[in-house]
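Work through these short exercises with the structure in view. Try each task before you read its solution.

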Amino acid sequence: MSLYEDFLLCNFPKCRTKLSGFAWVTACSHAFCDQHGSAEFSRSPAICPACSSALSGKLDIVRTELSPSEEYKAMVLAGLRPETVLDISARALAFWTYQPYFCEEALNELPACSTVRSQQHTLDSRQTD
């Protein structure tokens, strides 16, 4: 199991904080902390800070509660046809499938990660000598 499967990280360059409470989620499958989402998506036209996609549709950016209440979960899909519920579920799973890869790639950009990887490479090469 990946370290990143249980939570989301802010996809804003140089932020990468663990998301909690509310998050801004985009149609291009990026998630942002409330601070950066509020700042970035108040501008028009909205552009994704992670991939530069134009976010011009009404539902291209959504502020969502990451731990919704039991009442919300009980009602949010009520009345929808089963194929609609399955379609929504498949899209949600695709979003989560993408996040570990994005987060791992983003973490590799941080200087501390490259330092640790360099040190690990040095130790590995010493062991093989």
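## Exercise 1: Glu 40 and its partner

Glu 40 counts as buried, because its relative accessibility is 16% and the limit for buried is under 20%. This is a predicted model.

**Task.** Find the residue whose side chain meets Glu 40 in a salt bridge.

**Solution.**
- Step 1. Opposite charges are what to look for: side chains of opposite charge can pair when their charged atoms come close.
- Step 2. The partner is Arg 43.
- Step 3. Check the distance. From N to O it is 3.3 Å, and the cut-off for a salt bridge is 4 Å.

## Exercise 2: A bridge between distant parts

**Task.** State how many salt bridges the structure holds. Then work out which parts of the chain the pair Asp 34 and Arg 63 links.

**Solution.**
- Step 1. The structure holds 5 salt bridges.
- Step 2. One of them joins Asp 34 to Arg 63, with the closest N and O atoms 2.9 Å apart.
- Step 3. Place the two ends. Asp 34 is in helix H1, and Arg 63 is in strand S3, residues 61–65. They are 29 residues apart, so the pair links distant parts of the chain.
- Step 4. Look at accessibility. Asp 34 has a relative accessible area of 26%, so it is partly exposed. Arg 63 has 40%, so it is partly exposed too.
- Step 5. Stay with Arg 63. Its charged end also sits over the ring of Phe 22, 3.9 Å from the ring centre.

## Exercise 3: Arg 81 and Glu 83

**Task.** Classify Arg 81 and Glu 83 as buried, partly exposed or exposed.

**Solution.**
- Step 1. The side chains of these two residues, Arg 81 and Glu 83, meet in a salt bridge, 2.6 Å from N to O.
- Step 2. Arg 81 has a relative accessible area of 54%. Exposed means over 50%, so Arg 81 is exposed.
- Step 3. Glu 83 has 44%, so it is partly exposed.

## Exercise 4: Rings that pair

**Task.** How many aromatic pairs does a search of the whole structure find? Decide how the rings of Phe 32 and Phe 41 are arranged.

**Solution.**
- Step 1. The search finds 3 aromatic pairs.
- Step 2. The ring centres of Phe 32 and Phe 41 are 5.6 Å apart, and the planes meet at 75 degrees. Planes over 60 degrees apart count as edge-to-face, so this pair is edge-to-face.
- Step 3. Phe 95 and Trp 96 also pair edge-to-face, at 6.4 Å centre to centre and 85 degrees between the planes.
- Step 4. Compare surroundings. Phe 32 and Phe 41 are both buried. Phe 95 is buried at 12% relative accessible area, whereas Trp 96 is partly exposed at 35%.
- Step 5. Trace the cluster. Ring pairs link Trp 24, Phe 32 and Phe 41.

## Exercise 5: His 36 in its helix

**Task.** Locate His 36 and list its contacts beyond four places in sequence.

**Solution.**
- Step 1. His 36 belongs to helix H1, residues 34–40.
- Step 2. Its relative accessibility is 17%, so His 36 counts as buried.
- Step 3. With neighbours within four places set aside, His 36 touches Cys 10, Phe 12 and Cys 15.

## Exercise 6: The loop between H1 and S3

**Task.** Examine Pro 45, Pro 49 and Ser 52 in the loop between H1 and S3. Say what marks each one.

**Solution.**
- Step 1. Begin with Pro 45. The peptide bond from Ser 44 to Pro 45 is cis, with omega near 0 degrees.
- Step 2. Move to Pro 49. Beyond neighbours within four places, Pro 49 contacts Phe 12, Pro 13, Phe 32, Glu 40 and Phe 41. Its C-alpha atom lies 9.0 Å from that of His 30, 19 residues away along the chain.
- Step 3. Finish with Ser 52. It has a positive phi of about 65 degrees although it is not a glycine. At 56% relative accessibility, Ser 52 is exposed.

## Exercise 7: Phi at Lys 14

**Task.** Give the sign of phi at Lys 14 and say whether the residue is buried or exposed.

**Solution.**
- Step 1. Lys 14 lies in the segment before strand S1, residues 22–26.
- Step 2. Its phi is positive, about 75 degrees, although Lys 14 is not a glycine.
- Step 3. Relative accessibility is 83%, so Lys 14 counts as exposed.

Key. Residues are numbered from 1 along each chain as its sequence is written. This is a predicted model: local features need pLDDT of at least 70, side-chain atom pairs count only at pLDDT 80 or more; totals for chains, interfaces and linings use all residues. Side-chain values use heavy atoms; hydrogens and water are left out. Rings of Phe, Tyr and Trp (its six-membered ring) pair if their centres lie within 6.5 Å; planes under 30 degrees apart count as stacked, over 60 as edge-to-face and the rest as tilted. Buried means under 20% relative accessible area, exposed over 50%, partly exposed in between (1.4 Å probe, protein chains only). A charge sits over a ring if NZ of Lys or CZ of Arg is within 6 Å of the ring centre and within 35 degrees of the ring normal. Helices (H or I, at least four residues) and strands (E, at least two) are DSSP runs, numbered from the N terminus. Contact means heavy atoms within 4.5 Å.
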